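Trainee: I have a new model open and would like to learn how to read it. Could you walk me through it?

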Amino acid sequence: MVDFSDDTLAFAHLGFQEYLAAWQLEVDCEGDPARLELCLRLRGDVTWWETLRLWAALVEGRAVNR
């Protein structure tokens, strides 16, 4: 985290933010209908693509371990 003089915080690298967002999606979007709806809604926004890829890897990893 980077602490700015105006008391705001930011991630030092966008990858950290994307990774944490993917983990939050894993917690919040349980089940195939919720996952599909979110993917369809965000698919046109290029800024979400890396987060969606990371999230897919988390979902797949969890499914393999079941």
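Mentor: Let's go from the whole chain down to single residues. Please keep in mind that this is a predicted model.

Trainee: Which secondary structure elements does the chain have, and in what order do they run?

Mentor: Start with the inventory, then read along from the N terminus. Here the chain has three helices and two strands, and the order is β-β-α-α-α. Strand 1 covers 2-3 and strand 2 covers 9-10. Helix 1 takes in residues 14-28, helix 2 residues 32-42, and helix 3 residues 49-64.

Trainee: What is the radius of gyration of the chain, and what should I hold it against?

Mentor: The usual yardstick is a compact globule with the chain's number of residues. For 66 residues that would be near 11 Å, whereas this chain has 14 Å. The extents of the C-alpha trace go with that: about 45 × 30 × 15 Å along the principal axes.

Trainee: How much of the chain counts as buried?

Mentor: Of the 66 residues, 20% do. As for the surface, the accessible area comes to about 5,100 Å², and carbon and sulfur atoms make up 62% of it.

Trainee: What share of the contacts joins residues far along the sequence from each other, 24 or more positions apart?

Mentor: Take the contacts with a separation of 6 or more as the pool. In this chain, 47% of that pool comes from residues 24 or more positions apart. For one pair of residues from distant parts of the sequence, look at Gln-24 and Trp-55: they are 31 residues apart in sequence, and their C-alpha atoms are 8.8 Å apart. Gln-24 belongs to helix 1 and is partly exposed, at 43% relative accessibility.

Trainee: Where would I see the opposite, residues that are well apart in space?

Mentor: Try Thr-8 and Leu-42, which are 34 residues apart along the chain and have 27 Å between their C-alpha atoms. Thr-8 sits in the loop between strand 1 and strand 2 and is partly exposed at 34%. Setting aside residues up to four places away in sequence, Thr-8 touches Val-2 and Asp-3.

Trainee: What about Asp-7: where does it lie, and is it buried or exposed?

Mentor: Asp-7 is in the loop between strand 1 and strand 2, and its 71% relative accessibility makes it exposed. Check its backbone too: phi is near 65 degrees, a positive value in a residue other than glycine.

Trainee: How many positive and negative side chains are there?

Mentor: Count each set, then compare where their centres fall. This chain has 6 positive and 12 negative side chains, with the two centres 11 Å apart.

Trainee: Is Arg-35 buried or exposed?

Mentor: The cut-off for buried is under 20% relative accessible area, so Arg-35, at 13%, counts as buried. Arg-35 is in helix 2. Beyond its neighbours within four places in sequence, it contacts Glu-26, Cys-29, Glu-30, Trp-55, Val-59 and Arg-62.

Trainee: And how accessible is Thr-51, in helix 3?

Mentor: Thr-51 has 4% relative accessibility and counts as buried. Leaving out neighbours within four places, its contacts are Glu-18, Ala-21, Ala-22 and Leu-25.

Trainee: Which residues does Trp-48 contact?

Mentor: With neighbours within four places left aside, they are Leu-25 and Leu-42. Trp-48 lies in the loop between helix 2 and helix 3, and at 30% it is partly exposed. From Trp-48 to Gly-61 there are 13 residues in sequence and 20 Å in space, C-alpha to C-alpha.

Trainee: How many aromatic pairs are there?

Mentor: To find one, look at the distance between ring centres, then at the angle between the planes. The count here is one aromatic pair. Tyr-19 and Trp-23 form it, edge-to-face, at 6.2 Å centre to centre and 75 degrees between the planes.

Trainee: Why are Tyr-19 and Trp-23 separated by about one helical turn?

Mentor: Because they are four residues apart in helix 1. Tyr-19 is partly exposed at 40% relative accessible area, and Trp-23 is likewise partly exposed at 40%.

Key:
Residues are numbered from 1 along each chain as its sequence is written. This is a predicted model: local features need pLDDT of at least 70, side-chain atom pairs count only at pLDDT 80 or more; totals for chains, interfaces and linings use all residues. Side-chain values use heavy atoms; hydrogens and water are left out. The radius of gyration is taken over C-alpha atoms; the globule rule is 2.2 Å times the number of residues to the power 0.38. Buried means under 20% relative accessible area, exposed over 50%, partly exposed in between (1.4 Å probe, protein chains only). Contact means heavy atoms within 4.5 Å. Accessible areas come from the Shrake-Rupley method with a 1.4 Å probe; for residues, only the protein chains shown count as cover. Lys and Arg count as positive and Asp and Glu as negative; His and the chain ends are not counted. The place of a charge is taken as NZ of Lys, CZ of Arg, CG of Asp or CD of Glu. Rings of Phe, Tyr and Trp (its six-membered ring) pair if their centres lie within 6.5 Å; planes under 30 degrees apart count as stacked, over 60 as edge-to-face and the rest as tilted.
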